[in-house]
Amino acid sequence: MVSRFWLPLTALSLVVWSVSPTAAQVVSSGSRSCQGVALTFDLCPVRDKIGYDAALVEYLKTYHVPATFFISGRWAERHDREITSLRAVSTFELGTHGETHAHLPLLSDANQRQEIARAVARLQSRFGVAAPLFRPPYGEYNDVTVQLVKALGLRFILWDVVSGDPDPALEADEILARISRRIRPGSIVVFHANGRGKHTQEVIQSLTESVLPRKQLRPMTVSELLACGTDSR
């Protein structure tokens with residue numbers, strides 16, 4: 001029997017197509033005893049030639065804000081220079097986001113494996129980047145997805161806070177208020193760095209300069225967050 005759990009109030013949905021003990025391998029947050037949060041940015045393929053939020057990345061780089069980017073293989077195909085730039089920043093880490101941003105649970109087991117593995121191989125062979133973190137497109141997965149990610153030696157990363165930044169109907173203050181209500185120690189927050197978030201840079205600036213210090217939280221990469229504390233989930 002198929003079960004679906006939709007993450008509300010966002011253009012980005014999280015869909016779980018089945019529930020089993022393997023779901024324990026899916027990480028949606030770090031330890032609640034850790035005073036850190038992971039700011040993560042999906043780089044999904046876009047039709048525009050640019051597909052890259054340069055102002056956002058420059059802000060993160062200039063102010064040494066740790067960030068984790070989940071890169072689609074199809075996006076990587078058109079953004080060599082940007083990936084080279086991202087991998088050169090010591091406070092950034094790179095993960096993968098599938099090859100073509102496909103709906104994984106709708107694919108055969110073999111095609112799911114190809115979708116997941118090709119993006120990893122692309123970053124390794126073309127850029128020399130080992131990318132052990134994986135995030136499924138649209139947050140969609142089933143038991144096969146989880147098993148394949150484990151078999152490929154990857155870590156399955158979701159989130160527990162959705163920014164909603166691709167939604168053109170949301171203003172910066174609305175996005176910030178939503179995040180402020182939901183963020184807590186160990187949170188993983190999902191944003192986009194592919195130019196689809198009109199207010200993403202503005203929100204990140206307010207978040208890092210005001211909201212997080214007020215809550216006594218600090219940004220970390222996903223890997224740093226998962227190494228912080230002992231009860232990561």
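This passage walks through a strand, its neighbours, a helix and a disulfide in a predicted model.

A good place to start is strand β3, which spans residues 36-43. Eight of the eight residues of β3 are buried, so the strand is largely enclosed by the rest of the structure. Its side chains fall into two sets: Gly 36, Ala 38, Thr 40 and Asp 42 point one way, while Val 37, Leu 39, Phe 41 and Leu 43 point the other way, and all of them are buried.

Several strands pair with β3. With β10, the pairing is parallel and runs over five bridges. Here Phe 41 stands opposite Phe 191, and Asp 42 stands opposite His 192. Strand β4, residues 67-71, is also parallel to β3, with four bridges between them; in this pairing Phe 41 faces Phe 69. A further parallel pairing, over three bridges, links β3 to β11, where Gly 36 lies opposite Arg 218.

Strand β10 is mostly covered as well, with five of its five residues buried. On one side lie Ile 188, Val 190 and His 192, and on the other Val 189 and Phe 191. Besides β3, strand β9 (residues 161-162) pairs with β10, in the parallel sense and over two bridges. In that pairing, Val 190 of β10 is the bridge partner of Val 162.

Attention now turns to helix α7, which covers residues 200-214. This helix has 15 residues and reaches 20 Å from its first C-alpha to its last, close to the 21 Å expected at 1.5 Å a residue. Even so, α7 has a kink of about 45°, centred on Leu 207. After the helix comes Gln 216, whose phi is positive, near 55°.

Which residues of α7 are buried? They are Thr 200, Val 203, Ile 204, Leu 207, Thr 208, Val 211 and Leu 212. The spacing of such a list can be read with a simple rule in mind: an α-helix has 3.6 residues a turn, so residues three or four places apart point the same way. The buried residues of α7 pack against β3 and β10, and also against α1 (54-62), α6 (172-182) and β11 (218-220).

The helix and the strands meet again in the largest nonpolar core, which has 40 residues. Leu 39, Phe 41, Leu 60, Phe 69, Phe 191, Ile 204 and Leu 207 touch the most other members. The largest share of this core, five residues, comes from α7. Leu 207, where the kink is centred, touches Leu 39, Leu 176, Ile 179, Phe 191, Leu 212 and Pro 213, leaving aside residues up to four places away in sequence. Apart from this core lies another, of 26 residues, whose members include Val 26, Cys 34, Leu 104 and Val 162.

Cys 34 has a second role to describe, in a disulfide. The count of disulfides comes to one, formed by Cys 34 and Cys 228 with their sulfur atoms 2.1 Å apart. The torsion about the S-S bond is about 105°, so this disulfide is right-handed. Cys 34 lies in the loop between β2 (26-27) and β3, and Cys 228 in the segment after α8 (222-226), so the pair ties together parts that are 194 residues apart in sequence. Are the two cysteines buried or partly exposed? Cys 34 counts as buried, at 1% relative accessibility, whereas Cys 228 is partly exposed, with a relative accessible area of 21%. Another cysteine, Cys 44, is buried, with a relative accessible area of 8%.

Methods: Residues numbered from 1 in each chain as written. Predicted model: local features only at pLDDT ≥ 70, side-chain atom pairs only at ≥ 80, totals over all residues. Heavy atoms only, no water. Expected span 1.5 Å × (residues − 1). Bend = angle between axes of the 7 residues up to and from the residue. Buried < 20%, exposed > 50% of the residue type's maximum accessible area, 1.4 Å probe, protein only. Contact = heavy atoms within 4.5 Å. Core = buried A, V, L, I, M, F, W, Y, C linked by side-chain atoms within 4.5 Å. Disulfide = S-S within 2.5 Å. Pairing = 2+ DSSP bridges.
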